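Reader: Got a minute to go through this one with me? Let's pull it up first.
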Amino acid sequence: MNILVIDAQGGGIGKQIVSALKKCYPEQYITAVGTNSLATSAMLKAGADVAVIVCSRKADVIVGPVGIVIADALLGEITAAMATAVGRSTAKRILVPVNHCDNYIVGVTDLSMTKLVDGVVTEVGKLIG
C-alpha cells in the first residue's frame with residue numbers, strides 16, 4: 001500500500017504521523033510531500049521512504065491535516081492545484097481535524113495531537129486489513 005503523508009509549515013504533524021505509521025506498520029511504503037523544504041525534511045527524518053512533488057495519483061491513502069484540501073490553507077502553502085490534486089485523487093483520505101488558519105471544524109472535539117495521530121494509525125490499519 002502506498003501511503004502519502006502531506007504537511008506544510010514545519011512538518012510537525014506529518015512527522016508525528018510518519019513516525020507512528022512506521023512504528024506500527026514498518027513494511028508499508030510511505031511517501032512524504034512537504035509544501036516546503038522544512039516540512040519535507042521533518043517527515044524524512046521521521047522515516048518516510050521518499051519525498052516527491054506530485055504523487056496524489058499514485059497514492060492508495062492520503063494523510064494530512066484537513067487544510068490539504070483547502071486552497072490557501074496552512075498559511076497559504078496549499079495552492080489551489082494541490083488541494084484539487086488531493087480532492088481528485090482516487091485514494092482514501094484520512095484528514096486530521098486541526099482548527100488552524102481561519103478554518104474551524106464544528107463538532108470536532110479538541111483532542112491532543114497524540115490522540116489524533118493514534119486515530120490516523122487506527123484508520124490506516126483498517127485499510128491495510
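**Helix 1 and its surroundings**

Author: Sure. Keep in mind that this is a predicted model. In helix 1, the buried residues are Ile13, Gly14, Ile17, Val18, Ala20, Leu21 and Lys22.

Reader: What covers the buried residues of helix 1?

Author: The cover includes strand 1, strand 2 (29–34) and helix 2 (37–45). It also includes strand 4 (61–65), strand 5 (92–96) and helix 5 (113–128).

Reader: And how far apart are the end C-alpha atoms of helix 1?

Author: They are 19 Å apart. Helix 1 has 13 residues (12–24), so at 1.5 Å a residue it should span 18 Å, and the two values agree.

Reader: OK, cores. How many residues are in the largest nonpolar core?

Author: That core has 23 residues, and Val5, Ile17, Leu21, Val63 and Val124 have the most contacts inside it. Strand 1, helix 1, strand 2, strand 4, strand 5 and helix 5 each give it two or more residues. Apart from it lies another core of 14 residues, including Cys55 and Val86.

Reader: Which residues does Val63 touch, leaving out those up to four places away in sequence?

Author: Ile3, Leu4, Val5, Ile6, Ile17, Ile68, Ile94, Val120 and Val124.

Reader: Switching to Asn2: buried or exposed?

Author: Buried, because its relative accessibility is 17%, under the 20% cut-off. Asn2 is in strand 1 (residues 2–7).

Reader: What lies 3.3 Å from a polar atom of its side chain?

Author: The backbone oxygen of Lys58. Beyond four places in sequence, Asn2 also contacts Tyr29, Thr31, Ala59, Asp60 and Val61, among others.

Note on methods. Residues numbered from 1 in each chain as written. Predicted model: local features only at pLDDT ≥ 70, side-chain atom pairs only at ≥ 80, totals over all residues. Heavy atoms only, no water. Helix = DSSP H or I, 4+ residues; strand = E, 2+ residues; numbered from the N terminus. Buried < 20%, exposed > 50% of the residue type's maximum accessible area, 1.4 Å probe, protein only. Contact = heavy atoms within 4.5 Å. Polar contact = N/O pair within 3.5 Å; in protein donor to acceptor, adjacent residues only side chain to side chain. Expected span 1.5 Å × (residues − 1). Core = buried A, V, L, I, M, F, W, Y, C linked by side-chain atoms within 4.5 Å.
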